[in-house]
Amino acid sequence: MKKGIFISIEGPDGSGKSTQIENIKQFFKDKKRDIVFTREPGGTAIGERIRAIILDNNCSEMDYMTEAMLYAAARAQHVSQVIKPALAEGKTVICDRFVDSSIAYQGYGRRLGEAVAVINSYAVAGCMPDVTFLMKIDPSVGKNRIRADQQDRLESEKEAFHDEVFRGYLKLEEENPGRIVGIDASRSIDEIKRDIYSKLEEVLNCL
Ligand code: ADP
Ligand code: TYD
C-alpha cells in the first residue's frame, strides 16, 4: 500500500494548535506535497454532527462513557472515510487532535482509564500518526487565551479537569517517545514554528 505521512497535533485548549497548523500546512505546501487537513471531533459529515452533540453546552447531562463513545464513533468514521484513503493515495494528512485527545480528556480528565484505549483501538484500526506534536503549556495559560463566551462544554470544565488532562498528555509523551514530540508552547509563535519545522525536515529525510 502506498503510504503518505500522518501528522497530528495535540495539547490543551488554547495551546496554539490552530496557529501552528497553519505553519505545518505551509511547510508541506512549500515541499509541493499534497495535503489533507482535517480535525477531530469532525472531519466528515457524520463526525461534524456528532461534534455538535458532544460540544453543545446544553448537553450537560451527558454520561462520560457516552461522551467517550461519541468521540470514538466520530473517529471511526473519520479514519475509514478520510484518513486511510488519503494515506493510501500518498497524501500528507494533518489532523487537529486525534486519539491522544480521547486518552487525555476522557481517560484522564473523566477518569475512564483503560476503557478509552480499548474503545479507540477499534476506532483507529491500526491507523496511528507517524508524528504527533504535543503543545505543552500550563492549561490555565491556554484557557486564558480563549474568550470565556467562546468556550464550549469541554473548554468550560473546571481547572482540576484540565490539570488532569495535561497530566494525561505528559504520561502519553513519556510512553510514546518515538511518536510524540513535546513542544514548549509557552514560547513565541516563531520559536515554536522553528522547532516544528526542524522536526518535519527530519521526518521527510527519513522517508
Ligand atoms: P488552539 O487551536 O490550541 O485552541 P489557537 O492557535 O487558536 O489555539 O490559539 C489560541 C489563542 O492564543 C489565539 O488568540 C492565538 O493567536 C494565541 N496564540 C497562539 N500561539 C501563541 C503563542 N505562542 N503565544 C501567545 N499567544 C499565542
Ligand atoms: P475544539 O473546538 O476543536 O477545541 P480546540 O480548538 O482546543 O482543539 O474542541 C474540541 C474539544 O473536544 C476540546 O476541548 C478537546 C475535546 N476532545 C475530547 O475531549 N476528546 C477527544 O477525543 C477529542 C478529539 C477532543
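Which pocket is the space taken by ligand 2? In this predicted model, ligand 2 occupies the largest pocket. About 550 Å³ of space lies in that pocket. Its lining comprises 25 residues, and those nearest the centre are D13, K17, D96, R97 and E155. By class, 11 of the lining residues are charged, 8 are polar and 6 are nonpolar. The helices α1 (17–30), α2, α3 and α4 each supply at least two residues of this lining, and α4 provides the largest share, with 4 residues.

The surroundings of the ligand itself may be considered next. The shell around ligand 2 holds 16 residues, of which D13, R75, R97, S102 and Q106 come nearest. Charged residues number 8 in this shell, beside 5 nonpolar and 3 polar ones. At least two shell residues come from each of α2 (45–55), α3 (64–88) and α4 (99–109), and α4 gives the most, with 4 residues.

Several side chains place a polar atom by an oxygen atom of ligand 2. For R97 the distance is 2.8 Å, for Y71 it is 2.9 Å, and for R51 it is 3.0 Å. Of the 550 Å² of accessible area that ligand 2 has on its own, the protein covers 91%.

The second largest pocket contains about 190 Å³ of space. It is lined by 13 residues, with I103, Y108, E114, A117 and E175 closest to its centre. The elements α4, α5 (115–124) and α7 (159–175) each give two or more residues to this lining, and α7 gives the most, with 4 residues. The lining of this second pocket divides into 5 nonpolar, 4 polar and 4 charged residues.

Methods:
Residues numbered from 1 in each chain as written. Chains lettered and ligands numbered in written order. Predicted model: local features only at pLDDT ≥ 70, side-chain atom pairs only at ≥ 80, totals over all residues. Heavy atoms only, no water. Near = heavy atom within 4 Å. Polar contact = N/O pair within 3.5 Å; in protein donor to acceptor, adjacent residues only side chain to side chain. Areas by Shrake-Rupley, 256 points an atom, 1.4 Å probe, with all protein chains shown as cover. 1 Å grid on protein atoms, 1.4 Å probe; cavity = no way out; pocket = protein on both sides within 12 Å on 5 of 7 lines; lining within 4 Å. Sits in = over half its atoms within 2 Å of the grid points. Nonpolar A, V, L, I, M, F, W, Y, C, P; charged D, E, K, R; others polar. Points joined across faces, edges and corners; volume = space filled by probe spheres on them.
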